[in-house]
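The exercises below ask for a reading of helix packing and of the surroundings of single residues. Each task is followed by a solution in steps.

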Amino acid sequence: KIEGMGLGDVKMMAMLGAAVGWEPLLPLLLGASFTGAVTGLFVAARSSEGMKVALPFGVFLGLAFLGTIFFGRTVGEWYFRLLFTP
């Protein structure tokens, strides 16, 4: 049996939520998922194991956390301007 995501990722999300609050958690999770998916596809294409290669998700949560801290407000304002400007 191959185990997927462990509870360490859930604990890490709780810690990140305590650090930044609940508002940026959805963009943080989406950013980590997108980055992990793109990296996973690249690694799987280059690996002999194919789609069975294991990548730790906590690394991508950490990278998305750093991106949220440094660029979150700027990206959020740009996105809302893009959506709501006629």
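Helices here are DSSP runs of H or I with at least four residues, numbered from the N terminus. The model is a predicted one.

**Exercise 1.** Determine how helix α1 and helix α3 are oriented to each other.

*Solution.* The axes of α1, residues 7-20, and α3, residues 57-84, come within 10 Å and cross at roughly 10 degrees. Angles under 35 degrees count as roughly parallel, and α1 and α3 are therefore roughly parallel to each other. On the α1 side the contact is made by D9, M12, M13, L16, A19 and V20, and on the α3 side by F57, G58, L61, G62, F65 and I69. By class, the residues of this contact divide into nine nonpolar, two polar and one charged.

**Exercise 2.** Establish whether D9 is buried or exposed, and what its charge finds around it.

*Solution.* D9 lies in helix α1. D9 is buried yet has no salt bridge, since the nearest side chain of opposite charge, K11, is 11 Å away, and a salt bridge requires atoms within 4 Å. Leaving aside residues up to four places away in sequence, D9 touches F57, G58 and L61.

**Exercise 3.** Classify the accessibility of S33.

*Solution.* S33 lies in helix α2, residues 25-46. Its relative accessibility is 33%, so S33 counts as partly exposed. The C-alpha atoms of S33 and L61, 28 residues apart along the chain, are separated by 8.1 Å.

Notes. Residues numbered from 1 in each chain as written. Predicted model: local features only at pLDDT ≥ 70, side-chain atom pairs only at ≥ 80, totals over all residues. Heavy atoms only, no water. Axes fitted to C-alpha atoms, helices over the stretch in contact; angles between N-to-C directions. Helix = DSSP H or I, 4+ residues; strand = E, 2+ residues; numbered from the N terminus. Parallel < 35°, antiparallel > 145°, perpendicular 65-115°, else oblique. Contact = heavy atoms within 4.5 Å. Nonpolar A, V, L, I, M, F, W, Y, C, P; charged D, E, K, R; others polar. Buried < 20%, exposed > 50% of the residue type's maximum accessible area, 1.4 Å probe, protein only. Lys, Arg positive; Asp, Glu negative; His and termini not counted.
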